[in-house]
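Here's a quick tour for anyone opening this one for the first time. Have a look at the picture, then come back for the highlights.

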Amino acid sequence: MAHQTVQPILVHFGTLFTFCKLLGLYPHDLQAFRGIHTLQSSKIGTAIVVVTMLAVVVLYNLLIYFFSSEDHDLKASQSTLTFVIGIFLTYIGLGMMITDQLSALRNQSKTGELYERIRAVDEQLLKENVYVDISKTAKNILLMIVLTVVSELIILISTYITLVDLTDWKSILWLFSCFPTLYNSLDKIWFANTLSALKQRFFVINTALEDMVESHERLKRWTENGGDGGGQIFRRPSIANVSIDPSLEYLYKELTHMEAVKAYNMARNKISPIAHSLNSFGDALETPKKPYKYTSQPPTFNMVYESELNKDIEKVEEKLNNLCQLHDEICEIGKLVNELWSYPILVLMAYGFLIFTAQLYFLYCATQGQAIPSLFRSAKSATITTIFLSYTAGKCIYLIYLSWKTSLESKRTGICLHKCGVVADNNLLYEIVNHLSLKLLNHSVDFSACGFFTLDMETLYGVSGGITSYLIILIQFNLAAQQAKDASNAAETNYNTMLTTEAGNTTALMDYFTTTFMPYAQTDLY
Amino acid sequence: MSSNKVKPSPIQRHHNGLNQFLRQPPTHNSIFKDMRITLCVLKATGLLPIYEEVSSYEVGPPTKPKIYYSFFIRGVVQTFTLFNLYNLVTPGSTGQLFYSYSDTDNVNKWIEYLLCMLSHSATVIICGRNSKLFIKILNEILKVDEDVFDRFRETLKNKCGFSLKYIVGICICQWYLIVLRVLAVKDTLNVNSYIFLFIYAVQNGMATIFIVFTAALLRILKMRFAHINTTLKGYTYSEQHKLRRIPGRDRDVITMDSFPEESLFIYRLHNKLLRIYRSINDCCSLILVAYMGYAFYTITTTTYNLFVQITTQRLSFNVLQTCFVWLAMHTCVLALLSKNCGQATDEANGTSQVLARVYGASKDHQNIVDKFLTKSIKQEVQFTAYGFFIIDNSTLFKIFSAVTTYLVILIQFKQLEDSKMEDDWSKL
């Protein structure tokens, strides 16, 4: 007991770290990680990351260059804007990867400190006899990695086999199309597991508080049963021993239809002036009560049902204080995590929104038999699109869900603390609980993307609404452009044979944005 | 107000007594040092009253001639605004400025001029009405500075250097825009148009400079809130733990013994700062609404213009530059404003969070903490634009998403207009 040490959580990140290190995503020192399980910044690692980044950027650009020659006719007639937006859509994945790597470089020194702080929290928790079970982390990480790799591979291979021209040796470059998303997913797995570790710690604190409540209730029930015959309730001497007559208790039960424990509390609330002023209930209980004080020692078998809330009030206060401080520390760690990953998260959300909209729109275009940019060729198959979209959406939604749950879990601590106050029900403890709950109210952990929007279900709803409306707008544009083109084609064949050649030129203009703005591109031609 | 209510503790009185003798001669007041030029510009343009510097920690009301001067300048500016308005509604005089081919563009430009005028007049009128309030705000900030100096023997930094850079940037932008505008018009401009353009630039610049001034005021507040928070941080459990670990130097170490006295001072300071924060909000909120409306509209139309430029084959570099200058100026100023608002609000709200980390051993200390926390539960610290919306970082995000939506609508209109033209053309 004396020298029980806690395992640092990073022990379970081994697979993920090796994988990330192998791919050149994280710059931290491998030896230090293997040896003492800490993240230390290393210069060689930085160099490797930079080199990997450059290599991927170069290869990805090669890929874009190679494949963009395929839709040459598309590009020739593209207006400048289409070109700009096309570049934007194509490069956002790459930009996301670069953001991940750059923030990994920037945060090199801070991440080590982060996990050190988590370990310190674990140690503190252990001092309070709360054990954090982190054995599942490794399994979770493995599962996530497997899921990521499987979906990446499925998307890559199925697209490669069905939609890429295999005869050309350059088509091997298509492999690099999956690199940005893979890197991003690995980084986000890292983030998600850190976050869920925090959530687990909040949960553990809440459970510790609830355990105290439960054991106290058990003790109370036992004392009630045990004291049935003599009508005596044994209490430890240290707490304010205020109890009521068992016959009165029966009366409350009849009157309020509440279970004994609850009614018991209400009665007690009445007696204590502070508790009364701070709680809304207790008005109906006008019966005068005589406080009995039992200073006799409880029987020896009371040890079976021991409740911490019954111990020396100072010890209880210290324990609650410590839990509260730990809660605060975890909140601070949460803020740090949020700060470290704020830019990657922002870019990921932007990426999710744009790619989701674009992919669905291109799916629509493909079903209408229109040409789509070559890099979005996976939209030609509905199955691959489904897999791709669920993979992307899963990533975004899981992160939002986890952040939301974590902040909910942190808010639940206040409720658990109040349960302690209610069940133990004495003045001193009430004062402590009130004091601490005021503090808890000010521990805030809200996950947001650079302060622009918070990561919660509301945002998710807003984003899905946004995707739907933009999709509708885009499809409307597309339809209108098609109509206009048909009309102008008909007009041209009727009136001017010379212009048909130019119109024939523009039939290739069936790209997403070009179609949208075709009418005045034509006006300019006239 | 609160300083009248709460009796100063004996020690503080002692401090004050000493300071009567120890007070250093007024050297440079930090508030004026950082923002001297900003304040000069605002005073010269009549937006701020030309106050007297009574002592290093107090400013007095302006003298009679200076009041008249401010009145006179404001009157002149408003006359010019009327002149512009007249020019705008009479079609002939400045028709050359609306050279664009499309009707929608011209209407957009026209509304933009009108909104700029509105925003500027709102600034001038409200500033004229609130001149006393501004002096009060400045005095209160100086009072806080004095208190802090008496207590901690340190002068607070303001970090308002950005305001000067912004003003220079805005002036350059305005000149550049005039030049671009003059170059863009094909035929020679008449005098009316030149005057119109110049006044428009002045209006624009003044409205924007005032926003920069607001941001600077908020930055000053933020620094003061941050000072409070760092002082309180010394009492938090983590700092106390750290101190316990390093024994030895107990001289300069903060112990919990000084907490009640210190916290009283800090609570009072926090209240004063919050009051200043609110009065700044009261003074500026209508101006902010007008400016943000104007900026939002300008950003939308400019983005739209930029878009149209990029999609057409004939790129005009003049228009491109104009668009970029407008976008850069308004985006920067909006970002500055929302960033400073957000920071000030965060720091103000941060006090209770820092205080929540103070774990007093005795009941007295706990009660002191509890009182402040209870007070701050329902105390919503927000910088609002006249209650319409809260200004912080998320405002920027909301503005840009709104711009995107309107852009889509405008493009749709443009498409309709074009297809109609095409129909007409094909019917010929």
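Before the tour, one bit of vocabulary: a helix axis here is a line fitted to C-alpha atoms over the stretch in contact, and angles between axes run from 0 to 180 degrees, taken between N-to-C directions. Keep in mind that this is a predicted model. For the complex, the predictor gives an ipTM of 0.82 and a pTM of 0.79.

**Two helices side by side in chain B**

- Let's put that vocabulary to work on helix H10 (residues 259-311) of chain B and helix H12 (residues 363-377) of chain B, whose axes come within 10 Å and cross at roughly 10°.
- Angles under 35 degrees count as roughly parallel, so H10(B) is roughly parallel to H12(B).
- On the H10(B) side, the contact is made by B:Phe259, B:Pro260, B:Ser263, B:Tyr267, B:His270 and B:Asn271.
- H12(B) brings B:His365, B:Ile368, B:Val369, B:Phe372 and B:Lys375 to that contact.
- Sorted by class, the contact of H10(B) with H12(B) has 6 nonpolar, 4 polar and 1 charged residues.

**Where the chains meet**

- Between chain A and chain B, 38 residues of chain A are in contact with 39 residues of chain B.
- About 3600 Å² is buried between chain A and chain B, and carbon and sulfur atoms give 58% of that area.
- The interface of chain A and chain B has 2 salt bridges across it.
- B:Arg357 forms a salt bridge with A:Asp328, with the closest N and O atoms 2.9 Å apart.

**Salt bridges overall**

- Counting over all chains, the structure holds 23 salt bridges.
- Inside chain A, the side chains of A:Arg201 and A:Asp122 meet in a salt bridge, at 2.6 Å from N to O.
- That pair links distant parts of the chain: A:Arg201 sits in helix H8 (residues 179-226) of chain A and A:Asp122 in helix H6 (residues 108-127) of chain A, 79 residues apart.

**How sure is the predictor?**

- Chain A averages a pLDDT of 76, and 73% of its residues score at least 70.
- Within chain A, confidence is lowest in helix H11 (residues 273-278), at a mean of 36, and highest in helix H14 (residues 382-424), at 91.
- Residues 228-304 of chain A stay under a pLDDT of 50, and the model has 113 contacts beyond four places in sequence for them.
- Over residues 498-526 of chain A the pLDDT is also below 50, and this stretch has 64 contacts beyond near neighbours in sequence.
- Chain B averages a pLDDT of 83, with 87% of the residues scoring at least 70.
- Among the elements of chain B, helix H1 (residues 2-5) has the lowest mean pLDDT, 38, and helix H11 (residues 317-355) the highest, 92.

Notes: Residues are numbered from 1 along each chain as its sequence is written. Chains are lettered from A and ligands numbered from 1 in the order in which they are written. This is a predicted model: local features need pLDDT of at least 70, side-chain atom pairs count only at pLDDT 80 or more; totals for chains, interfaces and linings use all residues. Side-chain values use heavy atoms; hydrogens and water are left out. pLDDT is the predictor's confidence in each residue, from 0 to 100. Helices (H or I, at least four residues) and strands (E, at least two) are DSSP runs, numbered from the N terminus. Contact means heavy atoms within 4.5 Å. Angles under 35 degrees count as roughly parallel, over 145 as roughly antiparallel, 65 to 115 as roughly perpendicular and the rest as oblique. Ala, Val, Leu, Ile, Met, Phe, Trp, Tyr, Cys and Pro count as nonpolar, Asp, Glu, Lys and Arg as charged, and the others, Gly among them, as polar. Buried area is the accessible area (1.4 Å probe) that two parts lose on being put together, summed over both. A salt bridge is a side-chain nitrogen of Lys or Arg within 4 Å of a carboxyl oxygen of Asp or Glu.
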